[in-house]
Amino acid sequence: MKRIAVLTSGGDSPGMNAAIRAVVRCGIDEGLEVYGVERGYEGLIEGDIRPMTRRDVGDILQRGGTVLKTARCPEFKTARGMEKAMSKIMAFEIEGLVCIGGDGTFRGALELSKRGIKIMALPGTIDNDLGYTDFTIGFDTAVTTVLEAIGKIRDTSSSHERTTVIEVMGRECGDIALYAGLSGGAETVLLPEKDYDINELCKKILMSVNSGKLHSIIIKSEGSRMDSGTLVSEIQRITGRETKLVVLSYLQRGGTPTMRDRLLATSCASKAVSLLSCDSESKAIGSLNGEIMAFDLEEAVKVQRNFNQEMFDLIEVLSK
Ligand code: ADP
Ligand code: F6P
């Protein structure tokens with residue numbers, strides 16, 4: 001293999017830059033030419049592809065976002081879009097491609113790999129919804145951001161003796177809410193994986209008030225049942241206590257990556273490059289019980305994240 005390329009696709013996540021940096025520098029170290037594709041699959045279709053040097057990736061390790069930029073590209077899901085992308089791959093004589101993104105990016109990568117290009121897929125998403133890996137790149141930073149927010153909201157929430165619902169991201173995966181809820185001392189977490197009864201929730205809030213708690217923090221995953229605005233009005237109506245909504249939204253996608261995200265990104269990228277340089281089959285790279293491993297790409301896409309019931313139960317115990 002002589003030439004490889006790297007792209008970031010889908011929602012950005014802190015640590016994507018660390019992964020790009022490691023792909024470029026490890027690739028050059030292996031004697032490969034490394035190209036960067038702008039705006040994910042969109043740039044692949046348009047041929048927005050340029051050679052990258054060690055210096056091009058200087059000073060990006062600590063930055064959130066992605067210097068290659070990212071996009072959601074509906075055209076890539078069509079046969080015509082896929083053909084255009086493959087013709088650019090051939091024109092630029094790219095033999096291996098590192099795709100960094102979430103499950104959509106992985107599905108696109110799998111389609112491309114079926115057309116003959118060697119792919120290494122890296123799990124870059126704050127959602128932690130790729131079940132084949134312990135964690136995805138960006139998840140740790142996103143949860144850390146949520147924890148900082150919980151700390152600040154606690155201050156004002158207890159002064160005013162309020163209930164606060166904090167909506168977090170994650171699509172159909174409740175892990176951001178679950179991990180932030182357990183490590184941030186939430187009263188309750190509302191997850192897509194677990195249905196809940198609003199009357200039981202309100203009963204719990206009132207019991208905690210009776211036990212002397214000044215305030216309640218509810219972490220609601222965006223994919224859980226009920227729109228957040230309606231939920232807040234219902235809690236206020238049923239409990240008779242002032243209830244506020246905080247939607248953390250895109251705050252969770254930015255910021256400097258944590259040590260864990262930088263390490264995961266760097267180690268996955270290094271593994272991807274060493275596999276490409278020895279002409280491996282397409283793989284998904286991730287960590288299993290803390291060890292960086294390569295998994296069959298098609299199988300990896302199918303693995304669902306297991307819901308962690310123990311963490312959920314522990315939140316209930318600790319918040320009594
Ligand atoms: P993420 O990678 O963060 O999950 P998306 O779901 O938006 O984000 O997927 C990123 C991109 O991957 C999409 O914009 C599209 O170009 C491509 N993609 C998603 N699903 C498929 C699919 N089934 N086939 C081909 N490409 C896909
Ligand atoms: O996949 C990452 C994510 O931030 C999800 O948590 C969220 O639902 C979605 O992307 C938001 O997407 P967009 O950036 O297109 O609004």
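# Exercises on a predicted model

An oxygen atom of ligand 1 sits 3.3 Å from a polar backbone atom of Gly11. Keep in mind as you work that this is a predicted model.

## Exercise 1: Gly11 and the surroundings of ligand 1

Task: Work out where Gly11 lies, whether Gly11 is buried or exposed, and which residues Gly11 touches.

Solution.

Step 1. Start with the place in the chain: Gly11 belongs to the loop between S1 and helix H1 (16–29).

Step 2. Now check the accessibility. Gly11 has a relative accessible area of 17%, and buried means under 20%, so Gly11 counts as buried.

Step 3. Look for partners beyond four places in sequence: Gly11 is in contact with Met16, Arg72, Gly124 and Arg253.

Step 4. Try a longer reach along the chain. Glu172 is 161 residues from Gly11, and their C-alpha atoms are separated by 14 Å.

Step 5. Go back to ligand 1, which is surrounded by 15 residues. The closest are Arg72, Cys73, Gly102, Asp103 and Thr105.

Step 6. Find some side-chain contacts. Asp103 has a polar side-chain atom 2.9 Å from an oxygen atom of ligand 1, and for a polar side-chain atom of Thr105 the distance to an oxygen atom of ligand 1 is 2.5 Å. Taken alone, ligand 1 exposes 550 Å², and the protein buries 85% of that.

## Exercise 2: Ligand 2

Task: List the residues around ligand 2, then pick out some polar contacts.

Solution.

Step 1. Collect the residues around ligand 2: Arg72, Ile126, Asp127, Met169, Gly170, Arg171, Glu222, Tyr250 and Arg253.

Step 2. Take the side chains. A polar side-chain atom of Asp127 is 2.7 Å from an oxygen atom of ligand 2. In the side chain of Arg253, an N or O atom is 2.7 Å from an oxygen atom of ligand 2.

Step 3. Don't skip the backbone: Gly170 has a backbone N or O atom 3.1 Å from an oxygen atom of ligand 2.

Step 4. Finish with the cover. On its own, ligand 2 has 400 Å² of accessible area, and the protein covers 77% of it.

## Exercise 3: A pair of rings

Task: Decide how the rings of Phe106 and Tyr132 are arranged, and find where the two residues sit.

Solution.

Step 1. Know what to look for: a pair of aromatic rings is described by the distance of the centres and the angle of the planes.

Step 2. There are seven aromatic pairs in the structure. In the pair of Phe106 and Tyr132, the ring centres are 5.8 Å apart and the planes meet at 40°, so the pair is tilted.

Step 3. Place the two residues. Phe106 is in helix H4 (residues 103–113), while Tyr132 is in the loop between strand S5 (118–123) and helix H5 (139–159). They are 26 residues apart, and the pair links distant parts of the chain.

Step 4. Check the accessibility: both Phe106 and Tyr132 are buried.

Step 5. Widen the view. Ring pairs join Phe106, Tyr132 and Phe295 in a cluster.

Step 6. Follow Phe106 back to its helix. The buried residues of H4 include Thr105, Phe106 and Leu110. The buried residues of H4 pack against several elements, among them helix H2 (40–46), helix H3 (79–91) and strand S4 (96–101).

## Exercise 4: Three residues compared

Task: For Ile4, Thr164 and Glu316, say which element each is in and whether each is buried, partly exposed or exposed.

Solution.

Step 1. Ile4 is in strand S1 (residues 3–8), and Ile4 is buried, with a relative accessible area of 0%. Beyond four places in sequence, the residues Ile4 touches include Val23, Leu32, Tyr35 and Val273. The C-alpha atoms of Ile4 and Val98 are separated by 7.7 Å, though their places lie 94 residues apart along the chain as a count of separation.

Step 2. Thr164 is in strand S6 (residues 163–168). Its relative accessible area is 4%, so Thr164 is buried. Among its contacts beyond four places in sequence are Ile153, Ser216 and Val246.

Step 3. Glu316 is in helix H11 (residues 309–318). Glu316 counts as partly exposed, at 28% relative accessibility. Glu316 and Thr188 are 6.9 Å apart in space, C-alpha to C-alpha, and 128 residues apart in sequence.

Key. Residues numbered from 1 in each chain as written. Chains lettered and ligands numbered in written order. Predicted model: local features only at pLDDT ≥ 70, side-chain atom pairs only at ≥ 80, totals over all residues. Heavy atoms only, no water. Phe/Tyr/Trp six-rings, centres within 6.5 Å; stacked < 30°, edge-to-face > 60°. Helix = DSSP H or I, 4+ residues; strand = E, 2+ residues; numbered from the N terminus. Buried < 20%, exposed > 50% of the residue type's maximum accessible area, 1.4 Å probe, protein only. Near = heavy atom within 4 Å. Polar contact = N/O pair within 3.5 Å; in protein donor to acceptor, adjacent residues only side chain to side chain. Areas by Shrake-Rupley, 256 points an atom, 1.4 Å probe, with all protein chains shown as cover. Contact = heavy atoms within 4.5 Å.
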